[in-house]
Amino acid sequence: MITASVKKRENIAEYLMYMWQIEDIIRAYQLDIDKIQEGIIDKYQNLSEEQRKEMREWYESLIDMMRREGVEKSGHLQLNKNVLIDLNNLHRRLLKNPKFAQYAAEYYKTLPFIVEIRAKAGENKKDELESCFDALYGILMLRLSGKEVSEETTNAAKQISRFLAMLANYYKKDYNNELDLEEE
């Protein structure tokens, strides 16, 4: 909750990956708020009772949303899908605007990796940005489980990360009304 709000303001790409992780953590605790209380919330020694209460309510609201939206086993909450929609809209606007040629160049450097990821997805194709996030999230999960990640995959992840970092930076500027996307 605290981490999520900071990440959302500072780096939308990290926020989205964090929220996907939270979804998986909630699933790992079988959407049981008491287990989450014991396994996560109670582990924070430096929180006040009010902060613990807020954290519990945050997890409860996410659990409720997951149940209502039918993503108890897999998938993403609509609030996370909305972030992807916003990022996709900004992505398209940046690509159309000649003032953002550097962004377009970074995208085209990343495109071969996106094509490869989408080809491997078979029938489960997602849009380009979600494919990028899926790839990075998958690599994160591999690393967390102690599995080896090939040099080729690591290099792809670096390029995808550079591209998403650039997009996240433009998102922050756009959010703060510091990005001039008006075409001349």
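Gln37 comes out as buried in this predicted model, because its relative accessibility is just 16%, and the cut-off for buried is under 20%. The residue belongs to helix α3, which covers residues 33–39. Tucked away or not, the Gln37 side chain has a polar partner: a contact of 3.1 Å ties it to the side chain of Arg56. Leaving aside residues up to four places away in sequence, Gln37 touches Asp42 and Arg56. Arg56 thus turns up twice around Gln37, as a touching residue and as the other end of the polar contact.

Just ahead of this helix there is a backbone oddity. Leu31 sits in the loop between α2 (12–28) and α3, and its phi is positive, at about 55 degrees, even though it is not a glycine. That catches the eye because most residues other than glycine have a negative phi. Leu31 counts as buried, since its relative accessibility is 8%. Asn177 does the same trick with its backbone: again not a glycine, again a positive phi of about 55 degrees. Its setting is the segment after α8, and Asn177 counts as exposed because its relative accessibility is 72%. So of these two residues, Leu31 is buried and Asn177 is exposed.

Now for the aromatics. A pair of aromatic rings is described by the distance of the centres and the angle of the planes. The model has 9 aromatic pairs. Among them is the pair of Trp58 and Tyr59, which meet edge-to-face, with 5.1 Å from centre to centre and 75 degrees between the planes. Both partners, Trp58 and Tyr59, are buried.

Tyr171 and Tyr175 make a stacked pair, with planes 15 degrees apart and centres 6.5 Å apart. Their spacing along the chain fits in with the helix: both lie in α8 (residues 151–175), and because they are 4 residues apart, about one helical turn separates them. The two rings belong to residues with contrasting surroundings. Tyr171 is buried, as its relative accessible area is 13%, whereas Tyr175 counts as exposed because its relative accessibility is 61%.

Elsewhere, ring pairs join up into a cluster made of Phe100, Tyr103, Tyr107, Tyr108, Phe163 and Tyr170. Of the cluster members, Phe163 and Tyr170 have numbers that fall within the range of α8, residues 151–175.

Key:
Residues are numbered from 1 along each chain as its sequence is written. This is a predicted model: local features need pLDDT of at least 70, side-chain atom pairs count only at pLDDT 80 or more; totals for chains, interfaces and linings use all residues. Side-chain values use heavy atoms; hydrogens and water are left out. Helices (H or I, at least four residues) and strands (E, at least two) are DSSP runs, numbered from the N terminus. Buried means under 20% relative accessible area, exposed over 50%, partly exposed in between (1.4 Å probe, protein chains only). A polar contact is a pair of N or O atoms within 3.5 Å; within protein, one must be able to donate a hydrogen and the other to accept it, and residues adjacent in sequence count only if both atoms are side-chain atoms. Contact means heavy atoms within 4.5 Å. Rings of Phe, Tyr and Trp (its six-membered ring) pair if their centres lie within 6.5 Å; planes under 30 degrees apart count as stacked, over 60 as edge-to-face and the rest as tilted.
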